[in-house]
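Dear colleague,

I am passing on the structure we spoke about, together with some notes for a first reading. Please keep it open beside this message as you go through them.

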Amino acid sequence: MKILFAGDASNLHNCLAQQLRLMGHEATVASDGSRWMNTHRDINLLRKPGKLGALKYVMDIKRALPQMTGYDIVEIASPIFLRLKPHRIARIFDYLKANNTRIVLSALATDVVYYDACHDGHTFRYSDYMLGDEPSPYVGSAEYIANQQDNWHQPFMREHSDHILAGIDGAVACLYEYYAAYKPVLGDRVAYGGIPIDTKSLEFRPLTEAPDKVRLFIGIQRDRHVIKGTDRLLAAMKRVHDRYPGITELEVVENLPYDEYTRRMRDSHVILDQLYSYTPGTNALIAMAQGLIAVSGAEPEYYELIGEKANMPIINVSPIVEGDIDHKLSWIVEHRDQLPQMACASRAFVEKHNAAPVVAQRYLDFWNSLFTKDYE
């Protein structure tokens, strides 16, 4: 197959493209490299600040469009797959749809469908936006305002979302949350793909014995500190360090490029990532592949979706249970003799559910189903 990935997030599309090439397919990535992560792309669509940056960005897109035709599949990274206003994105979407065979949405980021699911009162017990019936700390924060989150319920954004949903042939969700949000909207036209991890490039460094000190690691995205819950995770991490000063060490990094981020976590034992998620994200999975224990989201609904009943190595922390983060971090420190076994279980989990060949095959199966329907 010939596949174009338009946009990227946290290296997901680039990792898929690399694996698909190994499987004999042709894959092209047109993206901004996930901004500061600076991940690989074949067509560079990085928008720089200022008016000159905006003008160059538009020109880069115009020059790139002729190279973005003739593909069997175009996979767009969310309805906002370019850093343009929705009405401009819609015109490019229509061009891609008219000049390629199938167009599919990667449900991998906040959009109107996910935003609505977070607020409907029944899809999730908690989310980035709501904790039960109450707004999350993110709502109303400076980060919320800076990221223009009120736009999701504005008419112009909903019109754009409707336009994209009417035009796509299907969608693939990378997390349980996005699958749960899109299933009622698209039905059989949505599949679960998961997050691909290049396990072959990530050295597994198993613990042979309990460490004298537990090294806790957290990576912060400056403009997504509150929505990811890393503000609360970091605070709990510091409290546990104060409680166990002789047997814990902390490492905090911020806005690192992908390769450096991966290297920096290697000597740690535990990663803290994404408080409001039902599912481990890219950072947690990369860490687990290297033998770290993830403190993240891993709700029963997630394990049920992926069909896992035996190996559940992620330390699931709840944002709505008082003291849950502190309690579980303390448990890890006090039971550090279990870290070697947990490290092996973490690697095995990623190899089974998120290794790039496994995830790429899910995408291929879904894409092929879109062509099969033509003959039914």
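The notes below go through the sheets, a helix beside one of them, some loop residues, a surface patch and the salt bridges.

Please bear in mind throughout that this is a predicted model.

The sheets

One open sheet has seven strands in the order β3-β2-β1-β4-β5-β8-β9, and its pairing is parallel. The edges of that sheet are formed by β3 and β9 (190-192), each of which pairs on one side only. Within the sheet, strand β1 (residues 2-6) runs parallel to β2, the two being joined over five bridges, and Ile 3 has Ala 27 of β2 as its bridge partner. On β2 there is also a parallel pairing with strand β3 (residues 43-44), over two bridges, where Ser 31 is partnered by Asn 44 of β3. Strand β2 (residues 26-31) is largely enclosed by the rest of the structure, because five of its six residues are buried. Elsewhere in this sheet, strand β5 (residues 102-107) and strand β8 (residues 170-173) pair in the parallel sense over four bridges, with Leu 105 standing opposite Ala 171 in β8.

A second open sheet, of five strands, follows the order β11-β10-β12-β13-β14, again with parallel pairing. Its edge strands are β11 (248-254) and β14 (315-316), each having a single partner strand, so one side of each is left without a neighbour in the sheet. Strand β10 (residues 214-220) and strand β12 (residues 270-272) are paired in the parallel sense over three bridges, and in this pairing Phe 217 stands opposite Ile 271 in β12.

Helix α1 and its surroundings

Helix α1 (residues 12-22) joins with β1 and β2 in a right-handed β-α-β unit. The helix is mostly covered, as eight of its eleven residues are buried, among them Leu 12, His 13, Cys 15 and Leu 16. The cover over the buried residues of α1 includes β1, β2, β4 (73-77), β5 and α14 (356-372). After α1 comes Gly 24, which has a positive phi, near 95 degrees.

Loop residues with positive phi

Which residues have a positive phi although they are not glycines? One of them is Ser 10, with a phi of about 55 degrees, and another is Gln 274, with a phi of about 60 degrees. Ser 10 sits in the loop between β1 and α1 and is partly exposed, at a relative accessible area of 26%. Gln 274, by contrast, is buried, with a relative accessible area of 13%, and belongs to the loop between β12 and α10. Ser 10 also appears in the surroundings of Thr 282: neighbours within four places in sequence left aside, Thr 282 is in contact with Ser 10, Ile 195 and Ile 197. Thr 282 itself lies in helix α10 (residues 282-289) and is buried, its relative accessible area being 14%.

A surface patch

On the surface, Leu 52, Leu 55 and Met 59 form a nonpolar patch, and together they have about 330 Å² of accessible area. Met 59 belongs to helix α2 (residues 50-64) and counts as partly exposed, at 35% relative accessibility.

Salt bridges

Side chains of opposite charge can pair when their charged atoms come close. Over the whole structure, a search finds 18 salt bridges, of which I mention a few.

The side chains of Arg 243 and Asp 326 form one of them, at 3.8 Å from N to O. Arg 243 is in helix α8 (residues 230-243) and Asp 326 in helix α12 (residues 324-334), so this pair ties together parts that are 83 residues apart in sequence. Of the two partners, Arg 243 is partly exposed, with a relative accessible area of 44%, whereas Asp 326 is buried, at 13%.

Glu 260 and Arg 264 meet in another salt bridge, at 3.7 Å from N to O, and both lie in helix α9 (residues 258-264), four residues apart, about one turn of the helix. A further salt bridge joins Lys 183 to Asp 188, with 3.7 Å between the closest N and O atoms; here Lys 183 is partly exposed, at 31%, and Asp 188 counts as exposed, at 65% relative accessibility. Finally, Lys 56, Asp 60 and Arg 63 are linked in a network of salt bridges.

With best wishes

Technical notes. Residues numbered from 1 in each chain as written. Predicted model: local features only at pLDDT ≥ 70, side-chain atom pairs only at ≥ 80, totals over all residues. Heavy atoms only, no water. Patch = residues over 30% accessible without salt bridge, like charges linked within 9 Å, V, L, I, M, F, W, Y side chains within 5 Å. Areas by Shrake-Rupley, 256 points an atom, 1.4 Å probe, with all protein chains shown as cover. Salt bridge = Lys/Arg side-chain N within 4 Å of Asp/Glu carboxyl O. Buried < 20%, exposed > 50% of the residue type's maximum accessible area, 1.4 Å probe, protein only. Pairing = 2+ DSSP bridges. Right-handed = clockwise from strand over helix to strand, strands pointing away. Contact = heavy atoms within 4.5 Å.
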